[in-house]
Amino acid sequence: MDIKGKVIIVTGASSGIGEATARQFGREGAQVVLAARRVDRLESLAQEIAALNTSAETLVVQADLSRLQDIESLIRQTMDRFGRIDVLVNNAGFGRLNWLEKLDPVSDIQAQFDVNVMGVIQTTRQALPIMIEQRSGHIINMCSMAGLVATPTYTIYAACKHAVHGFSEALRREVKPWGIDVSMIYPGGVVTEFAGHAGIQRKTKATTPKALLLTADQVGEAVVKLVRRPRPMWIIPWAWTFTVWMNRNLNRLVDRTTIQRFTIPEREEELKAIDGRS
Ligand SMILES: NC(=O)c1ccc[n+]([C@@H]2O[C@H](COP(=O)([O-])OP(=O)(O)OC[C@H]3O[C@@H](n4cnc5c(N)ncnc54)[C@H](OP(=O)(O)O)[C@@H]3O)[C@@H](O)[C@H]2O)c1
């Protein structure tokens, strides 16, 4: 698929993966709709894209993806300006990572579901009738390794991404007869502002190995490749496929290792206080 001239909505385009993805679409000459809450960042990205490729066009839409009226307005403004939607990249999202009992019921738990799950579902629901009428379209959902393998402190984030996984799989099989593709991408750790919003300081060094860490540009490149060649599921980097296999087939071993190497060292002080461990 030639990306030049295609109408592509990128949610969460104000930073990280969404920003990098939108920039790459702009470089290829697409008509890119930039959506997020921080409109100043979207405006400067729009200017950058205009300088990268004069045939690219941008539309900046301030939208809080947890609000249905903002989602409706995003789709309406896109149609008013460009008259069609070729690709929808549901990328906006965040994680609040902590032990379940320490997460706030509203600002951590409900808010994650509102953006990471309901935002994806409602944006897709609003764009779908347009794609059905066009008899073409491509929905790309930003999942995560957490949508396949869940680790401690990721309870809610992982639940959200598992929900996106199930939603996307069912939708893919539902909309194909209309000529619409649904692709899912599952990055491991990516260097973005994500960790800064996650609200937790780790005690252990149990983080993504450096060799497996991705940049936002690398994920952006993968999304552009997906537009050219839709794929039901794409795990990046590929090495994580092994972890997914382990988690499916050797669940008890993964449990034991995770609890010993992550949960106990992270909670050592609390455990000591409770049962007097030395
Ligand atoms: N970083 C990782 O390791 C990693 C790995 C796998 C998957 N992911 C996924 O990749 C996606 C992008 O994350 P990132 O790593 O690029 O983090 P990021 O740099 O923090 O970007 C998150 C984006 O989501 C937007 N967003 C958050 N809440 C929103 C809301 N209520 N309404 C509209 N937009 C909202 C933010 O825009 P505003 O704040 O301006 O609204 C921002 O543009 C997320 O879905 C995340 O789950 C990240």
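A residue is taken as exposed if 12 or fewer other C-beta atoms lie within 10 Å of its own, and as buried if 20 or more do. By this criterion, the face of helix 3 turned away from its buried side carries the exposed residues Q69, R76 and D80. The model described here is a predicted one.

The protein chain contains 10 helices and nine strands. For its 278 residues a compact globule would have a radius of gyration near 19 Å, and the 20 Å of the protein chain agrees with this. The C-alpha trace spans about 65 × 40 × 35 Å along its principal axes. Of the 278 residues, 38% count as buried. Among contacts between residues at least 6 apart in sequence, 73% join residues at least 24 apart.

The ligand is surrounded by 29 residues, of which G12, G16, R37, R38 and G93 are the closest. In terms of residue class, this shell divides into 13 nonpolar, 12 polar and four charged residues. Two helices, helix 1 (16–27) and helix 6 (194–198), each supply at least two residues of the shell, and the largest share, three residues, comes from helix 1.

Helix 3 (68–82) has 15 residues and reaches 21 Å from its first C-alpha to its last, close to the 21 Å expected at 1.5 Å a residue. Its buried residues include I71, L74, I75 and T78. These residues cover an arc of only 85° around the axis, which puts them on the same side of helix 3. The buried residues of helix 3 pack against strand 1 (7–11), strand 2 (31–36), strand 3 (57–62) and helix 4, whereas Q69, R76 and D80 are exposed on the face turned away from the buried side. Helix 3 is followed by G83, which has a positive phi, near 75°.

R84 lies in the loop that leads from helix 3 to strand 4 (87–90), and with 15 other C-beta atoms within 10 Å this residue is partly exposed. When residues up to four places away in sequence are left out of account, R84 touches V7 and Q134. R84 and G137, although 53 residues apart in sequence, are 9.4 Å apart in space, C-alpha to C-alpha. A contrasting pair is formed by E48 and A170, which are 122 residues apart along the chain and whose C-alpha atoms are separated by 37 Å. E48 is found in helix 2 (residues 39–52) and, with 15 other C-beta atoms within 10 Å, is likewise partly exposed.

Helix 7 (residues 216–228) has 13 residues, and the distance from its first C-alpha to its last is 19 Å, close to the 18 Å expected at 1.5 Å a residue. Its buried residues include A216, V219, G220, A222, V223, L226 and V227. Seen down the axis of helix 7, the buried residues fall within an arc of 160°, so they line one face of the helix.

Several loops carry backbone features that merit description. R135 is not a glycine, yet has a positive phi of about 60°; this residue lies in the loop between helix 4 (105–134) and strand 5 (137–142) and is exposed, with 10 other C-beta atoms within 10 Å. T153, also not a glycine, has a positive phi of about 75° and is found in the loop between strand 5 and helix 5 (155–175). In contrast to R135, which is exposed, T153 counts as buried, with 21 C-beta neighbours inside 10 Å. A further feature is the peptide bond from I236 to P237, which is cis, with omega near -15°. P237 is found in the loop between strand 9 (233–236) and helix 8 (240–249).

Notes
Residues are numbered from 1 along each chain as its sequence is written. This is a predicted model: local features need pLDDT of at least 70, side-chain atom pairs count only at pLDDT 80 or more; totals for chains, interfaces and linings use all residues. A residue is near a molecule or strand if its C-beta atom, placed from the backbone, lies within 6 Å of it. Helices (H or I, at least four residues) and strands (E, at least two) are DSSP runs, numbered from the N terminus. Ala, Val, Leu, Ile, Met, Phe, Trp, Tyr, Cys and Pro count as nonpolar, Asp, Glu, Lys and Arg as charged, and the others, Gly among them, as polar. The expected span of a helix is 1.5 Å times one less than its number of residues. The arc is that of the directions from the helix axis to the C-beta atoms. The radius of gyration is taken over C-alpha atoms; the globule rule is 2.2 Å times the number of residues to the power 0.38. Two residues are in contact if their C-beta atoms, placed from the backbone, lie within 7 Å.
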